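This report walks a new reader through one protein chain, beginning with its overall make-up and moving on to its strands, a loop and its enclosed spaces. Please keep the structure in view while reading.

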Amino acid sequence: MQRRRFVQQLGAGFITTLGLGVASTWQAARAQGAGVTVRWLGHTSFLFEGDGRRILVNPFRAIGCTAGYEVPAVGSDVVLISSRLFDEGGTLEGLPGNPPILSEQGEYELSPIRMRSVEVDHDRDGGRRFGSNLIWRWEQGGIAIVHMGGAAAPVSIEEQIQLGRPDVLLVPVGGGPKAYDAEEAIAAIRALNPRIIIPTHYRTQAADEETCDIAGLQPFLDLMRSTPTRQANGNTISVTASSLPGGDGMIIQLLNYPF
């Protein structure tokens, strides 16, 4: 079957590729365990590099809780967003290289990476206040990644099946009206049983004091004090299969934003 490049239809948020030699390539990459580099760009925005691809998640507008962060205008091959809210998809113009944007529930391929999004509520009122949030799941460099964006609804049995057990789970912990607080985040962690937890969506010195309505990281760490915590020296880490906790092991990975 002839391979085709990405086809982008921004109105429908649809991107697909054909040419299913992808599966063997993906399996080979996983077997090699090349790993993935994770770079924190502030709030829920991260850049993932591995398998020769760069995936940018949730570039934001610098306002409210993200006011003091640098806008994450970094180069990527594709951009995944959890919603169209300012702190999760507010900066979609002017990204280097004009990458395709994924903003709808579905399954996508960027050879050799396969991505899936699962739609959940973005608030505790059935989505009536803030609409829907996309949880993204993909494998890159042999590492299974789940980015929960601004999820606010509990993880259902069906969603557990769709998402599987992540090697790396990025989960909001700061609460507010449109994302998990510390206790809700822990419930999601128990449902998905990840190996590495990277907390997101919490108050930092970037916050505008008058308009930011989320809590800091400490309440989450206090409730998770029995789980080992690892602190990175900067805002970037490398994750390989050999660096993952074995068995049912779990660690919290913290990164430092370069203010």
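The model shown here is predicted. Within it, G42 of strand β3 stands opposite S45 in β4, and this pair of residues makes a convenient starting point for the description.

**The hairpin of β3 and β4**

Strand β3 covers residues 36-42 and is mostly covered, with five of its seven residues buried. Strand β4, made of residues 45-50, pairs with β3 in the antiparallel sense over five bridges. The two strands form a hairpin with two residues between them, and in that turn H43 has a positive phi of about 60°.

β3 also pairs with strand β15, residues 236-239, again in the antiparallel sense, over four bridges. Two positions can be used to follow this pairing by eye: R39 stands opposite T236 in β15, and V36 has V239 of β15 as its bridge partner.

**The six-stranded sheet**

These strands belong to an open sheet of six strands in the order β7-β6-β5-β4-β3-β15, in which the pairing is mixed. Its edge strands are β7 (101-102) and β15, each of which pairs on one side only. Further along the order, strand β5 (residues 53-57) and strand β6 (residues 78-80) run parallel and are joined by three bridges, and the bridge partner of I55 in β6 is V78.

How do the two faces of β15 divide into covered and uncovered residues? I237 and V239 make up the covered face, whereas T236 and S238 make up the uncovered one. In general, the side chains of a regular strand alternate between the two faces of the sheet.

**Strand β10 and its partners**

Elsewhere in the chain, strand β10 (residues 132-140) is mostly covered, since eight of its nine residues are buried. Strand β9, residues 113-121, runs antiparallel to β10 and is joined to it by seven bridges, with D121 standing opposite S132 in β10. Strand β11, residues 143-147, pairs with β10 in the antiparallel sense over five bridges, and there W138 stands opposite I145 in β11. β10 and β11 form a hairpin with two residues between the strands, in which G141 takes a positive phi near 60°.

The strand pairs described above are set out together in the following table.

| Strand pair | Sense | Bridges |
|---|---|---|
| β3 and β15 | antiparallel | four bridges |
| β3 and β4 | antiparallel | five bridges |
| β5 and β6 | parallel | three bridges |
| β9 and β10 | antiparallel | seven bridges |
| β10 and β11 | antiparallel | five bridges |

**The chain as a whole**

The chain contains five helices and 16 strands. Of its 259 residues, 53% are buried, and its exposed area comes to about 11500 Å², of which carbon and sulfur atoms supply 47%. Among the contacts with a separation of 6 or more, 59% are made by residues 24 or more positions apart.

**A buried loop residue**

T227 has its place in the loop between α5 (218-223) and β14 (229-231). Is this loop residue buried or exposed? T227 counts as buried because its relative accessible area is 13%, which lies under the 20% cut-off. Leaving aside neighbours within four places in sequence, T227 is in contact with M250, I251 and I252.

**Enclosed and open spaces**

By the rule applied here, the count comes to one cavity of 30 Å³ or more. The largest cavity holds about 40 Å³ of space, and its lining consists of W40, F46, I198, P199, Y202, Q253, L254 and L255. The elements that give two or more residues to this lining are β13 (196-200) and β16 (251-254). By class, the lining of the largest cavity has seven nonpolar residues, one polar residue and no charged residues.

Among the pockets, the second largest contains about 210 Å³ of space. Which residues lie nearest the centre of the second largest pocket? They are I63, G64, C65, D87 and K178, out of 13 residues that line the pocket. The lining of this second largest pocket divides into six nonpolar, four polar and three charged residues.

Technical notes: Residues numbered from 1 in each chain as written. Predicted model: local features only at pLDDT ≥ 70, side-chain atom pairs only at ≥ 80, totals over all residues. Heavy atoms only, no water. Buried < 20%, exposed > 50% of the residue type's maximum accessible area, 1.4 Å probe, protein only. Pairing = 2+ DSSP bridges. Contact = heavy atoms within 4.5 Å. Areas by Shrake-Rupley, 256 points an atom, 1.4 Å probe, with all protein chains shown as cover. 1 Å grid on protein atoms, 1.4 Å probe; cavity = no way out; pocket = protein on both sides within 12 Å on 5 of 7 lines; lining within 4 Å. Points joined across faces, edges and corners; volume = space filled by probe spheres on them. Nonpolar A, V, L, I, M, F, W, Y, C, P; charged D, E, K, R; others polar.
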